[in-house]
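Good morning, and thank you for joining this session. I would like to take you through one structure, beginning with its cysteines and then turning to its ligand.

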Amino acid sequence: MKTVYTCFATDVIHAGHLNIINEAQKYGRVVVGCLSDRASIRYNRFPTVSEDKRIEMYGEIEGVDSVILQNDMFYEDVIESLHPDYVIHGDNWVKGPESSIRAHVIELVSAYGGEVIDVPYTFNEDVKKVDMQIKEKLSMPEYRRKRLRQLISMTDIVKAMEAHSGLTGLSVEKTVVEGENGMLDQFDAMWISSLCDSTAKGKPDIELVDMTSRFRTIEDITEVTTKPIIFDGDTGGLAEHFVYTVRTLERLGVSAVIIEDKTGLKKNSLFGTEVEQTQADIEDFSAKIRAGKKAQLTDDFMIIARIESLILERGMEDALKRAEAFVAAGADGIMIHSRRKTPDEILEFCDRFREKDKTTPIVVVPSSYNTITENELVAHGVNIVIYANQLTRAAFPAMQKTAEDILRYHRAKEVDDRLMSIKDIITLIDEI
Ligand code: SPV
Ligand code: MG
């Protein structure tokens, strides 16, 4: 009896999957792989059903002989242990980002005479509906809110990218790339930066854009995305106001707020000591954290304390002392910020913090020390990396140059080559 293998990365079985099983049965005994949570996050989307439940669900499909866990997006683990005679898949992997996976599988199975079978991909109204149902489940506040904590426990490093509008949110949501090793990759979460939210409104980053407006930005983004949100809460304002902010953010489905230990007129950290900025008293800031933690209604929501000691050149000891105090006050994570060109002080902080505290998540924002890689950050105990402003910094020069060139040439022809086509822009947004 020959062995036919197929890998599922779905939370709901629909006609397309049943069709694959039916086809597979024609070739032999059918083994289904359940793509692990860890691999699903990078390859597909966040699973809404647990690994165990998915395995159980796949096992109940008529015609399935057994179910195994597939940890490797590239099938290496299963092909090595199972040596299937056939690997069967919908033909949607012939083109697009998944084609590198197909090519790799063909190489692996042909080494021992195995074959890949592509069956026509089923895409009908039913499949579309199931897709929508999963999307809905992913985007509802109660599911989205808890996803950051889940991601921290499921992946080495959570990658968050700045978003300040529906469009930038979509970009973070949908961008998938094939890395050097052929592995697919995508962002895990969105950072609603105060700098970019303010800049998009043509305003300075000084807590001038009020919370009502910032909440509106969150809603613009949540309407069109499913990924979890980390909100830049600036100083959090008065503790008496912060408690209300926490409640609203929770209700909107935000996973975490990061507040920084500054008082008075907040200026952007990247100004450092070039402008007057006052760091908050440890006890006052701890009281704000305690008030926020007491106000929150769910266990999912995270309040992350951001330490500005390195930005304001108050030294490493001060940063570490604050971290310890803020964790004791109930902070669910520590963000340490730096505006140095090299990561040395950040890495020293992480190493020293981790000597005493092995679990509290560490968040970093490598805007100035941008040579550091995600793997290096993982090696120093970092859990969340935030790319805080790159989309805004990429878009503005492109808009500026286009505006200048149209003025320069008294027509738009010269800029057209670098523009998205009209057809692409009008079909960029999915219709419901
Ligand atoms: C933001 O993105 O608004 C931040 C990070 O707070 S930074 O701009 O580096 O201060
Ligand atoms: Mg900010």
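A disulfide is counted here when two cysteine sulfur atoms lie within 2.5 Å of each other. The model before you is a predicted one, and a search of the whole structure finds 0 disulfides. Take Cys 34, which takes part in no disulfide: the nearest cysteine sulfur belongs to Cys 7 and is 7.7 Å away. Is Cys 34 buried or exposed? Its relative accessible area is 0%, so Cys 34 is buried. Cys 196 is also buried, with a relative accessible area of 1%.

I now turn to the ligand. Where does ligand 1 sit? It occupies the largest cavity. The residues surrounding ligand 1 are Trp 191, Ser 193, Ser 194, Leu 195, Asp 232, Asn 268, Ser 269, Leu 270, Arg 306, His 337 and Ala 388. Sorted by class, this shell comprises 4 nonpolar, 5 polar and 2 charged residues.

Let us consider the polar contacts. The side chain of Trp 191 places an N or O atom 3.1 Å from an oxygen atom of ligand 1. For Ser 194, a polar side-chain atom lies 3.1 Å from a ligand 1 oxygen. Leu 195 contributes through its backbone, where an N or O atom is 2.8 Å from an oxygen atom of ligand 1. As for coverage, ligand 1 on its own has 280 Å² of accessible area, and the protein covers 99% of it.

Terms used. Residues numbered from 1 in each chain as written. Chains lettered and ligands numbered in written order. Predicted model: local features only at pLDDT ≥ 70, side-chain atom pairs only at ≥ 80, totals over all residues. Heavy atoms only, no water. Near = heavy atom within 4 Å. Polar contact = N/O pair within 3.5 Å; in protein donor to acceptor, adjacent residues only side chain to side chain. Areas by Shrake-Rupley, 256 points an atom, 1.4 Å probe, with all protein chains shown as cover. 1 Å grid on protein atoms, 1.4 Å probe; cavity = no way out; pocket = protein on both sides within 12 Å on 5 of 7 lines; lining within 4 Å. Sits in = over half its atoms within 2 Å of the grid points. Nonpolar A, V, L, I, M, F, W, Y, C, P; charged D, E, K, R; others polar. Buried < 20%, exposed > 50% of the residue type's maximum accessible area, 1.4 Å probe, protein only.
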